[in-house]
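Work through the exercises below with the sequence and coordinates at hand. Each task is followed by a solution in steps.

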There are 4 protein chains.
Amino acid sequence: MKIAVVGGGSTYTPELAEGFGANAVALGIDEVALVDPAAKKLEVIGPLVRRIMRRHGSDAKVEWTTDLDRGVEGAAIVLLQLRVGGQRARIEDEAFPLECGCVGQETTGAGGLAKALRTIPVALGIADRVRELAAPGAWIVDFTNPVGMVTRALLDAGHRAIGLCNVAIGFQRRFAGLLGRAPEDVVLDHVGLNHLTWETGVRVDGRDVLPGLLDEHRDEIADEVDLPAAVFADGRVPSYYLHYFYAHDTEVERLRTAPSRGREVARIEAELWKIYEDDTLDRKPDLLSQRGGAYYSEAAVALMRSLLTRDGGVHAVNVRNRGFLPYLPDEAVIEVSARVGADITPVDAAPLGPRQRGLVAAVAAYEELGVQAAVRGGERRVYEALLAHPLVGQHDLAEGLTARLIATGRDHLPWA
Amino acid sequence: MKIAVVGGGSTYTPELAEGFGANAVALGIDEVALVDPAAKKLEVIGPLVRRIMRRHGSDAKVEWTTDLDRGVEGAAIVLLQLRVGGQRARIEDEAFPLECGCVGQETTGAGGLAKALRTIPVALGIADRVRELAAPGAWIVDFTNPVGMVTRALLDAGHRAIGLCNVAIGFQRRFAGLLGRAPEDVVLDHVGLNHLTWETGVRVDGRDVLPGLLDEHRDEIADEVDLPAAVFADGRVPSYYLHYFYAHDTEVERLRTAPSRGREVARIEAELWKIYEDDTLDRKPDLLSQRGGAYYSEAAVALMRSLLTRDGGVHAVNVRNRGFLPYLPDEAVIEVSARVGADITPVDAAPLGPRQRGLVAAVAAYEELGVQAAVRGGERRVYEALLAHPLVGQHDLAEGLTARLIATGRDHLPWA
Amino acid sequence: MKIAVVGGGSTYTPELAEGFGANAVALGIDEVALVDPAAKKLEVIGPLVRRIMRRHGSDAKVEWTTDLDRGVEGAAIVLLQLRVGGQRARIEDEAFPLECGCVGQETTGAGGLAKALRTIPVALGIADRVRELAAPGAWIVDFTNPVGMVTRALLDAGHRAIGLCNVAIGFQRRFAGLLGRAPEDVVLDHVGLNHLTWETGVRVDGRDVLPGLLDEHRDEIADEVDLPAAVFADGRVPSYYLHYFYAHDTEVERLRTAPSRGREVARIEAELWKIYEDDTLDRKPDLLSQRGGAYYSEAAVALMRSLLTRDGGVHAVNVRNRGFLPYLPDEAVIEVSARVGADITPVDAAPLGPRQRGLVAAVAAYEELGVQAAVRGGERRVYEALLAHPLVGQHDLAEGLTARLIATGRDHLPWA
Amino acid sequence: MKIAVVGGGSTYTPELAEGFGANAVALGIDEVALVDPAAKKLEVIGPLVRRIMRRHGSDAKVEWTTDLDRGVEGAAIVLLQLRVGGQRARIEDEAFPLECGCVGQETTGAGGLAKALRTIPVALGIADRVRELAAPGAWIVDFTNPVGMVTRALLDAGHRAIGLCNVAIGFQRRFAGLLGRAPEDVVLDHVGLNHLTWETGVRVDGRDVLPGLLDEHRDEIADEVDLPAAVFADGRVPSYYLHYFYAHDTEVERLRTAPSRGREVARIEAELWKIYEDDTLDRKPDLLSQRGGAYYSEAAVALMRSLLTRDGGVHAVNVRNRGFLPYLPDEAVIEVSARVGADITPVDAAPLGPRQRGLVAAVAAYEELGVQAAVRGGERRVYEALLAHPLVGQHDLAEGLTARLIATGRDHLPWA
C-alpha cells in the first residue's frame, strides 16, 4: 500500500512520518512518496522521513520526487498539504484585510478566500493526475486550508475526496484531560463547517457529559476558546476559530499590534530547517509543535485506517451535507463527526441552535460563491463571495478587499 | 362590516381614512372604530376621519374609544398600528445602538429588537381580546414594525394574522413609472423577510422585464435604493433597508452627523397636530406624505379587499414559510408576493441566490430568537438574539447593546 | 473664620467635614455654611456635618441654607463643588459622545465640554455674589470639573480663584508608599493642565527619585495609570486621565460593554443617603470612598491652610500660566506644583518633553475655545472648541457632537 | 552659474527644465547637472532636458552623471528631489498605516514618518558633499517630502537649506482666478508647517481681500480643499492636506476602496517613460501634469531667482521659526510667506487662531521627535514620534505602526 504526500517537502512532514512509522504495520504501508516542486527541500525531508520510519521499525520504501505523476502513481491514499505561494502569500493574506478593518487570517474572511482562490486550481490539477494514475478507489485526503472549500471543489469535480481538520481531535484530547479519561473514550458531537464548528455533545460510555463539563470547567473552556462563557451558555462550545466572528473587532485590534502569525511561522521554519540538516536526526524535534497542526498526524493516520479498513471509526471530517443539516443545500460540504465504514455516515449529534444555524447558513453561502470564484475566476465572483461573507457584508469593503486580493495574489490567480 | 384600527389616534390615521373612504362601497365598510389610549388624540383624529369619509361619500359609522374591547367588538378586520413608548422610545432606539457603533434604527438591528420587545407583549394582549370579541374569522392585519416578528408572535399564539409592508408597493409604483405602465399591470417577485427583501422579477403581461429594466435604468434604481449597482449586478434588487446591511458603517457615519429620524418625525407630527385642529379639514394634508408610510393606505385597502372577498389578488405579505424557502424553518415568517384567495399562496417567484439566502437565513435565526425574547423575557434571551444578528454578531457588542436596550426600555418591558 | 461650601448638599460633603473637623483649630474655623438649592439634602447633610465636627472636638457653627447670599456672606473661603444637572446630566455626558465613537466621560472630550458649558455660567453667577458679600480677599477654591476651564472662566472674570485636583495627592500617597516614606516627605514635579498632567520628578530630601522609582516599580505604576510602561519610558508619568488619550479606542470599546460610571455613582449615592439617615452617625462611612474624590478633603484643607496663612506650602493647583510653560499663552490656566505663600509661584519642575508639550498645547487651545463657548454661547463656538479637541478633531464628529451636546444639554444652556 | 538637480533622473525633471529654460537668461544659468544613481533614466532624461532648454533658446551646458560629487561640484543651487525606495516604498507608505486604521499617505502620519526616516539620512549625506564641493554660499533647495522635516534636519546639521512647497502657489493661482487678477498681484498670508498650512489673508494692492473672497466663493473654496465651509468659517483657509486631519476617518474609508495613489503614479510614470523615449521630443508632455507637483517649477525658479539676486520676492518657504510663531520653539521649521532678500524675513501675516495653533504645536512636536528618530535611529524614537502625532496618539497604534514601519522599511533604514 502506497501513500503519497503532495506538498511533502513541508517542514511539517516529519510529524506525519511519526504517524506513518508508528502505524506502518497496522496500515500496511509499503511505500511513502513525497512530492514537492522544491527539490532542495525534498533532499532534506526525504531522508529524515526515512530515518524516522526506520526508527519505528518500518522498512517501507520512502521516496521523493518533484514529478507529481511518479509520486501519485499507484497510491491508495493521497494527502494534500499545499501552501501555494508559501509563507509570503500567507503574510499577505494576514495583512491586506486589515487595511479594510477586516480580520487578517489565512483561513477566515478575505484572507481565507485569497488562499482558496490560489489553492483550488492547483488542487484540482493534482486531483486530475490522481484520478488517472493512482490505485483504483484511491482517496484524496485534504489537509489544505480552507479545507471545506477545497474539499467541496474536489467533490464537485467528481473526485473521491474527504477533508480533515485538527480542531475536533484537539477538543477530544482537552475534554478527555478534564474528564480524566483516555482520548479514545471520548466521542464528540462535532458539527458545522470547517473552522466554524461547535461541540454540541461529548459522549462517554454513550452518555452526554457536556453539560457537566461546562458546569465544572466553564472558565477553563472559555480560556481555551478565548471567548467569554456567555457565548456558550446555550451549551454549544464553539471552536477557537469562532473568535474571529464573536470577537472580530477585538481580534482586529490585537492584530494591529501583534506580529503576524505568518512571520512567526516563517521564523520557526527557518529554525526547523537548520535542525533538519543534522543527518543523524531520526525523530521530529520539539520545536515542530510550535508550528501549528497539533495532533494532525494522529487524526490523519486514524482516518486513513478507517478509509482503508472500513472499520467504522468516528472522525471529524468534511463531507457532502446530503440533508444532514436541512437548512443547507445537499451539495454543501459540512464538517461533522461521521462513522467511516462501508459508507461515511454522520453520527446523530445534538443539533445546532438558531444562533449557530444562521451563521452556518451565511458562511455556507459564502463558501458556495467562493468555490465558484476559484473554479471559474473573475473579479465579479470574488466580489460576490466577499459580499456574502458575514465578516465583510458591505459593498465598499467587498470592493476594497477584492481589489487588494487580486493585486496581492495576481501571480497565483490563473484568470487575473 | 366593521374595521377597527388599534392605534387609531396616530397622526397617520387620516391616510388610512382616505383609503377607507375611497373604497367604502367596494369593501362594504359599515363602521370604522378607532381605538387608542390617548383620548385627546382621538378627539382630534376621530372627527377628521369622519369628515374625510363623508367627503368620499361614505356614511359609514365612525367612532372612537379608549376602550379596546368596545373598539374591536364585532370587527371583521383589526388593523394594528401601534407605537409603544411613542416617538420618545423611537429616539432611544435610534440612539443607543450608535453608542456601540451599530446602526440606530427602529426596525433593523438592536433598535428593531428593542421595538419588538416593547411591542409584541402589547400586540398579543390586543389579539387575545380580538379573538374573544371580534367577528368570527376576523383578520388581524399588522402594520406595526418590526412586522415580521410581530406577525410571527401573533401566528405562534394561534391568531389569524397577516403582516403588511409598503416596500413592495413602492417598488411597484416606481417600476411602473419607469416602464410607462399602470401600477396594476406590474406584478413583483418579492421575496425575503420583512425589511430584508429583494425583487427577483418584475412581471408585465406574464413576462419578466426586470433584466431589461436593470439594463436601462440601472443608475436610477441604484439611487432609489441608495446602493451601488454592483450590489444588484446579479439581477436581484434589494429594498432600501438593505442599505443598513450593505452600507452599515457608512450609515453609522451618516447617523453620527444627521439629525435623528425620530426627532424629525416628532417635529412633523407637531405640525400635523396644528393642521388637524382645523375642524373644517376634510382631507389628509400634503405634509402627511413626509411622515413615512407612503402607499400604505392603498396597500392595506387592497389587501383587506382580498382578505374579505378572497379575490385572489397578489400582495406582498408576511406569512408562514411552510417550505417556500427550503433553507428556513416552516414556522418562519417570510415576506413574499402571495395570492390571497381561499388560501394564501406565495407566487412562484424567481429565487434568491446564495448571497441573499445566507443573509436571510441569518436574520431569520435572529428573528426566531428575538420573538422568544419578547414572549418569554430575560436578559439572556435578548443577548442571544443580538449575538445572532448579522449586524451585531460580536459578544461585547451583544453585551453592551443588551445592557443599553434594557436600561432605556425598562418601562415597557414587562419582565425587566 | 467662615468657610462656605457651595453644593454643600452633596453626598461628598461628609468627606470635607472630616477634614474641617480635624483641622478646625489649625485653620481657625469658626463657621461652616453649606449652601445648596436642595433643602431636603441639606436637612440630612447639615446635621451630619455638625456631628462629625463635634466628634473632632470642634464647636464651630455649622449652618445650612438654600440662600446663596446668606451662605457666602462673610466667608473667607468659598469652596465650589457643583453638579449642574445632577447625575442625570453626567449619564448623558457619558453616553452621547459614544454615539459618535468618542470617549464618553464627564471631564474629558465632548462630555467634559458639555459639563463646562452647563457649569461655567452658574459658577460665574455664584462668584459675583461672593465678590459682593464674602470677606475682603476671600478665595474661591474650585473643585468642580472641568477644574481648569472653570478656574479660567473665574479668573477671566476677575475673581480671586484657584482650582484644585486630587490627582497629585493620589500620586504623592502612592509614591510615598512605594518609597516607604511619609507622604509629606514627597514633593512632586506635577505639570500640565487639569486632568492632563504628568509627574516629571519626585523630590525626597531635595533629590529626584523618580528614575529609581520607575526602575523598581515600573509595572505597578503602569497598572496604576492603566497604560503600558512604554508610554512613560521617557521618565514622565502620566495621570490616569491620559488613558482617555493614549488608549482612547480601547476605552471606547470598554465603555461599550461597561455600565456607565454615572449610573454606578447614582447607585452608590442612593445607598449613601440611606446610611446618612441614621441621625447618630458621626463619621463618614466607608462606602463614601467608592464614590471618587479620594484625598480631596486632605488636599483641600492643606491648600486652605496655605491660602489663609501664606505658609509657603506646595500644592498642585490650577493657576494662570504667566510664562511658566512658554508654549502656552500667559492667560492659560495650568496645573502645577506651586508654592502658596505671599504669592503663588510654580516650583521649578523638570520640564515636559515635546510629546507632552504638543498634546498640552492642543488641549489648552481647546480649553480657550471651550471657555469662550461657555461664556458667550452659540453653536458655532461649541463646534470650534470640539474641532480643536485632539480627541475629536474631525469636522463630522464635531458637527454630530455639537448637535447632540445641545440636544441633551439644552435645559442647562442659557443661550440654547 | 550652475544648478544641480539631485534626483535628476525623475520623470518630473522635464517640468523643471521648462522653468530653467524660460528663465535661463534671467537667472544666468550656465550649467545644469542632473545627478541620479539610475544611469538608464539619466540617458533618457538628460538629452530631453537639453532639448527643452535649447527650445527655449538657452545654450547652457546640460550634463548628467551618477557621480554625486561631480554633479554638485561648483553648483550655486542644489535642488533635492529624491524618492528613496521609489514608488514601491510609496505604495508601502500608503498601505501599512491603513492596517492600523490610520490614514495611508506618503507625507502625513505614519507614512510620512516612514518617508522621513528613509530620506533624511540620504539627504544629510548629499548635503555633506554639497558643503565640501559646491560654490561658496550655495543653497540647498529641498522639494523632497516631508519638506519640513527634511529641511529641519539639514538646518540642524548646519547646512544652508530652504524648503519649498507648491501648496501656496496653487492657492495664489486659484485665488487670482477667482479675483480676476494676475497671480503676481496676489500675495498670500500663508502660515503653519509644511502640509499643515492655512491662508490667513490674501493681499491685493495691500488690502486683505480674503473675507470678501470667502463670502463670494465659499462653496468653490470648500470644493477645492475638500472640506465643508464650516471648517474655515473662522476666516482661515486650510490647505487640502488638512483633509487628512479634519476628515481623517472619511479619508480612511475612501482609501479602503480607492486604488492607491502610488500605484496610479507608477502607471503614469510608465506611460511617461514611453513618451520620453521619443528623441525628438523637446517639451514636457501634457500627461506630466497628472503626476502631481503642479506649479512646482515656477515656484522653484522664482525662489532661486530671489536666492541668487536677493530681490526681496515673497515666497512660501520652510525656514527656522525664530520666534515668528511664539508657541513653537525657535528651532522649529515653519512654512510661511517670507521676503527673500539679504535676509529671509517672514511677512507680517494675519495670525492663526487657537484651533490652528493647537494642531500646529502638536504636529511640530511630532516633527521634532521624527527628525530625532531619523538622525539617531532606534525603534523607541520611532514610537515616541508616532505617539506624538495627532493622527496616531494611542499607544497600541504607535506600537503597531512602529513594527510595520520598520518591517516594511528595513532596507532603507540604516539603523534597523
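## Exercise 1: the fold of chain A

In chain A, 57% of the 416 residues are buried, where buried stands for 20 or more other C-beta atoms within 10 Å of a residue's own, exposed for 12 or fewer and partly exposed for counts in between, with C-beta atoms placed from the backbone. The model is predicted: local features need pLDDT of at least 70 and side-chain atom pairs pLDDT 80 or more, while totals for chains, interfaces and linings use all residues. Residues are numbered from 1 along each chain as its sequence is written, chains are lettered from A and ligands numbered from 1 in the order in which they are written.

**Task.** Describe the secondary structure and overall dimensions of chain A.

**Solution.**
1. Count the elements: chain A has 16 helices and 13 strands, taken as DSSP runs numbered from the N terminus (helices: H or I, at least four residues; strands: E, at least two).
2. Compare with the globule rule, 2.2 Å times the number of residues to the power 0.38, with the radius of gyration taken over C-alpha atoms. The radius of gyration of chain A is 21 Å and the rule gives 22 Å for 416 residues, so chain A is as compact as a globular protein of that length.
3. Take the box along the principal axes: the C-alpha atoms of chain A fill roughly 55 × 50 × 40 Å.
4. Sort the contacts (C-beta atoms, placed from the backbone, within 7 Å). Of those in chain A with a separation of 6 or more, 65% join residues 24 or more positions apart.

## Exercise 2: annotated positions

**Task.** Which residues does UniProt list for "binding site", and where in chain A do they sit?

**Solution.**
1. Read the record: the unreviewed UniProt entry lists Cys165(A) and His195(A) under "binding site". Such annotations may be inferred rather than shown by experiment; positions are in the numbering used here and feature names are shortened.
2. Check their spacing: the residues span 31 positions in sequence, yet no two of their C-alpha atoms are more than 8.1 Å apart, so they gather at one spot.
3. Place Cys165(A): this residue is in the loop between β6 (161-164) and α8 (167-179) of chain A. Cys165(A) is buried, with 26 other C-beta atoms within 10 Å. Beyond four places in sequence, its contacts are Val147(A), Asn194(A), Ala316(A) and Glu335(A).
4. Place His195(A): the loop between β7 (186-193) and β8 (196-204) of chain A holds this residue. His195(A) is also buried, because 22 C-beta neighbours lie inside 10 Å. Beyond four places in sequence, His195(A) contacts Thr107(A), Thr108(A), Pro146(A), Ser239(A) and Tyr241(A).
5. Add the domain record: the unreviewed UniProt entry assigns "domain: Glycosyl hydrolase family 4 C-terminal" to residues 191-392 of chain A. The span is 46% helix and 17% strand, and its end C-alpha atoms lie 24 Å apart.

## Exercise 3: chain B against chain A

**Task.** How many residues of chain B are in contact with chain A, and which elements supply them?

**Solution.**
1. Count both sides: 35 residues of chain B contact 35 residues of chain A.
2. List the elements of chain B giving two or more residues: α10 (243-246), α11 (248-257), α14 (354-376), α15 (379-388) and α16 (395-409). The largest share, 12 residues, comes from α14(B).
3. Classify this side of chain B: 21 residues are nonpolar, 6 polar and 8 charged. Here Ala, Val, Leu, Ile, Met, Phe, Trp, Tyr, Cys and Pro count as nonpolar, Asp, Glu, Lys and Arg as charged, and the others, Gly among them, as polar.
4. Superpose by least squares on the C-alpha atoms of residues with pLDDT of at least 70 in both copies. Chain B falls on chain A with an RMSD of 0.0 Å after a rotation of 180° and a shift of 0.0 Å along the axis. The C-alpha of chain B nearest that axis is that of Tyr327(B), at 2.1 Å.
5. Compare the surfaces: 100% of the interface residues of chain B are also interface residues in chain A, so the copies meet through the same surface.

## Exercise 4: chain C against chain B

**Task.** What operation lays chain C on chain B, and which elements of chain C make the contact?

**Solution.**
1. Superpose: a turn of 180° with a shift of 0.0 Å along the axis lays chain C on chain B at an RMSD of 0.0 Å. The two copies are therefore related as by a two-fold rotation axis.
2. Find the residue of chain C closest to the axis: Glu99(C), with its C-alpha at 2.0 Å.
3. Count the contact: 14 residues of chain C meet 13 residues of chain B. Two or more residues each come from α5 (86-99), α11 (248-257) and α16 (395-409) of chain C, and α16(C) gives the largest share, 5 residues.
4. Check the chains that do not touch: the nearest C-alpha atoms of chain A and chain C are 9 Å apart.

Notes
Two residues are in contact if their C-beta atoms, placed from the backbone, lie within 7 Å.
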